[in-house]
There are 2 protein chains.
Amino acid sequence: MDHWPTTLPVKVPSTALFTDQYELTMLQAALRAGTAHRRSVFEVFTRRLPEGRRYGVVAGTGRVLDAVASFRFEPEMLDFLDRQEVVDGPTLDWLATYRFTGSVRGYPEGEVYFPGSPILTVEGSFAECVLLETVVLSILNHDSAVAAAASRMAVAAGDRPLMEMGARRTHELGAVAAARAAYVGGFSATSDLAAGFRYGIPTVGTSAHAFTLLHDTERDAFTAQVASLGRSTTLLVDTYDVAEAVRAAVEIAGPELGAVRIDSGDLLVVAHEVRRQLDELGATGTRIVVTSDLDEYAIASLAAAPVDAYGVGTQLVTGSGHPTCSMVYKLVARADGDDPEAPLRPVAKKSLGGKLSVAGVKWAARPVDERGVAEAEVIGTGEIPEELADRRLGVELVRNGEPVGAEPLSAARERHVSAREGLPLSARQLSRGEPVLPTRYLTPLA
Amino acid sequence: MDHWPTTLPVKVPSTALFTDQYELTMLQAALRAGTAHRRSVFEVFTRRLPEGRRYGVVAGTGRVLDAVASFRFEPEMLDFLDRQEVVDGPTLDWLATYRFTGSVRGYPEGEVYFPGSPILTVEGSFAECVLLETVVLSILNHDSAVAAAASRMAVAAGDRPLMEMGARRTHELGAVAAARAAYVGGFSATSDLAAGFRYGIPTVGTSAHAFTLLHDTERDAFTAQVASLGRSTTLLVDTYDVAEAVRAAVEIAGPELGAVRIDSGDLLVVAHEVRRQLDELGATGTRIVVTSDLDEYAIASLAAAPVDAYGVGTQLVTGSGHPTCSMVYKLVARADGDDPEAPLRPVAKKSLGGKLSVAGVKWAARPVDERGVAEAEVIGTGEIPEELADRRLGVELVRNGEPVGAEPLSAARERHVSAREGLPLSARQLSRGEPVLPTRYLTPLA
């Protein structure tokens, strides 16, 4: 899978304003107070998985690397911040030369995560790290939500391919990221041309009901489509009467017809009827694609039906009931002064009423039992115990401002399969339940 | 509210690939069959509102106008389509000069809608109209979902201002569109700087817990913030002990302190305690802002609490349980041949199993009773009856390819308030129920 060299139409020239205003006002106050350059460590984690979910899926890491690299305040943006009096002159001067020079470690893309997993650790001066909060969370919260839904659908679909078709149900650029995250989570293709263009994801698509309605008869439409797209095309057979359409489809395309698509009705019943009819007509190699309001449960319910591929839209791009993750970006440690060598002091919010955090810079490891199955998500601060060192999670993503963690999207996709396969079998259950791994802290809660 | 002249960083050079592949393969097949230039009318509508919702809110219309205007196939895009063999040479040639030359009518932005409302009507050749399906639906489905949630929250908040703070919970560019839709739905401000930059929406924000944790004491943090941002700033008082924080806040900023923000705990209880404490300290003008996981129900439950403003994130940008609308883009009429003057034949999908459409080009009107309250969403084809003509919905948005419906975002925001106020009082109920207006078809269902 190639990565297209051009970046149109989905790359923006700078990501620096995908930022909540308070990041900049905090920067201003810290610059003035002389605390802005204290070495700091921020951590991305989530306190819980969406209700009933067994595991989370990290997605968007590659996009985070792009976003950090293009986080620059262009003159027009500085003019805007100046005119709107968002921050003062000294802060604008500081922003004008902003480049992230710190380091980022994190769970690699496609890895699974659990409550408390230190998904990303960002280290540098307070000033340079705090600015990245909003865009890092936007990307990870959105993309991981879609990837988690995709992964569950992939489990339900087994060996049958899944096609992402949700662009029309979500923001036009969110759709591109959703197609990317779905690919990480196990989908094979997307209908979204921009996702093919930007990320090299295979694209698919043939025709909609409008094409049939445009023509004087359904046979005219099928004839036109086969003439143009070939016999291996997929004909949509539910505009009028499905049985008549299947008959016409095979008559026009011959038994070499690639596939028929069913987009309405009781898919279980209709798929069986269509399969029988296709077989009777000799079109035993013609596949059946279904695409009507599917989610992981509907896909699972079709496991015994003669369906060859699924197209999924709404429920995929909206995270199947959980359109966002609850990842947060919290300061977990910082130095007492400006000295870059000063020791880091663990810090955490302490107020009552929930939203507690665990102070300190963390490591995480996922030990396995004798069969190689993961046993727990173990999290600690300080030195990692020797017996856990070879099960350590997390890789270097940015070193002194330089992205070092870039990889082809296919690597993330493959990693997700292995990560999921390393979990206890209950990870494959779609029913609601607890996370399949317990989170164990080797360090007392702060 | 000014519209900033620059378009960085959230405008993309072309919207033409925010398109499902099947739009292009249908085009190819229709070009070859000689049916691509049949005059056609597509309609955007929804078969139902999200479960329990009383009305929908049209948002994104202004973005649709932008998207249509920048729907151009740049050479790099054509190269991509060629290399990937998405479409053939004649189709690429046709795409190279693509400009939408048709017309669009629709409900203006901020208007409310109901099941069956003809929200947008796109007329032109099949070829030029079919290509717009995906991007038009992406925009309207996303933006209208956020605007509907915003409107419910605005009803719940009454006169208290609402601030959009959800950027970190959704795709970074989805967030910009969400801030815009929230503004249409009744929010007053956003934390998202890109939304301020692109759409001129007022931006807000002061500090997060990280700022307090960066400093050696909470008092140091408050002192630094007040020194930099002034006494009118908002101090976040729930990092450690709220009562101590409020005492320190007023001591440091004086009774001129602008506001305190509470982001955790039982907001109802805490708001009362903080109000009492502020008043005792003489800070009677200091406002209380709350921001913890709010939705329209939580906002409503705080109606009697001494809260002055709400910041809303996750539930707003994810449509409060309904992150997308179910709007579709359906061919409802087309000519039998290429003659641009040929009469239009109503068409509709007829298959069993739901997903039925009503054929024909529609008008819609919303008659009112003697008190001026809307009575029904009346939809028909053909000539609109004289007695409904002055209650007709829908305006001209694009005429022969030229956008004519552009307006300031504030116009959509104001229109939404009037549209909602014209509905029966039950529109203000947050509880689940039926749409507040029945949809009446003056034309028999096709």
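**Salt bridges between the chains**

I looked first for salt bridges (a side-chain nitrogen of Lys or Arg within 4 Å of a carboxyl oxygen of Asp or Glu) and found 14 across the interface of chain B and chain A, against a background of 49 over all chains of the structure. I keep in mind that this is a predicted model, in which local features need pLDDT of at least 70 and side-chain atom pairs count only at pLDDT 80 or more, while totals for chains, interfaces and linings use all residues. I also note that residues are numbered from 1 along each chain as its sequence is written, that chains are lettered from A and ligands numbered from 1 in the order in which they are written, and that side-chain values use heavy atoms, with hydrogens and water left out.

I then followed one pair, B:R168 with A:D20, whose closest N and O atoms lie 2.9 Å apart. This pair crosses between chains, from the loop between β6 and α7 (172–185) of chain B to the segment before α1 (21–33) of chain A; helices (H or I, at least four residues) and strands (E, at least two) are DSSP runs, numbered from the N terminus. I also looked up B:K349 and A:D238, whose side chains form a salt bridge at 4.0 Å, N to O.

**Extent of the interface**

Which residues of chain B supply the most buried area against chain A? I began with the total, about 9100 Å² buried between chain B and chain A, of which carbon and sulfur atoms give 61%; buried area is the accessible area (1.4 Å probe) that two parts lose on being put together, summed over both. B:R168, B:L193 and B:L214 supply 9% of the area that chain B buries against chain A, more than any other three residues.

Counting by contact (heavy atoms within 4.5 Å), I find 107 residues from chain B and 107 residues from chain A. Helix α1 (residues 21–33) of chain B gives the most to the side of chain B that touches chain A, with 11 residues.

**Two sheets of chain B**

I next traced an open sheet of 6 strands in chain B, with the order β7-β6-β11-β10-β9-β8 and parallel pairing; two strands pair if DSSP finds at least two bridges between them. Because β7 (189–190) and β8 (234–236) of chain B stand at the edges with a single partner strand each, one side of each is left without a neighbour in the sheet. Strand β6 (residues 162–164) of chain B pairs with β7(B) in the parallel sense over 2 bridges, and B:E164 stands opposite B:T190 in β7(B).

The other sheet I looked up is open, has 3 strands in the order β14-β15-β18 (chain B), and shows mixed pairing. Within this sheet, β14(B) runs antiparallel to strand β15 (residues 377–381) of chain B, joined by 4 bridges, and B:K362 stands opposite B:T381 in β15(B).

**After β18**

Finally I checked B:L442, found in the segment after β18 of chain B. Leaving aside neighbours within four places in sequence, B:L442 is in contact with B:W363, B:V378, B:I379, B:G380, B:P385 and B:L388. I also noted that B:L442 and B:I384, 58 residues apart in sequence, are 9.4 Å apart in space, C-alpha to C-alpha.
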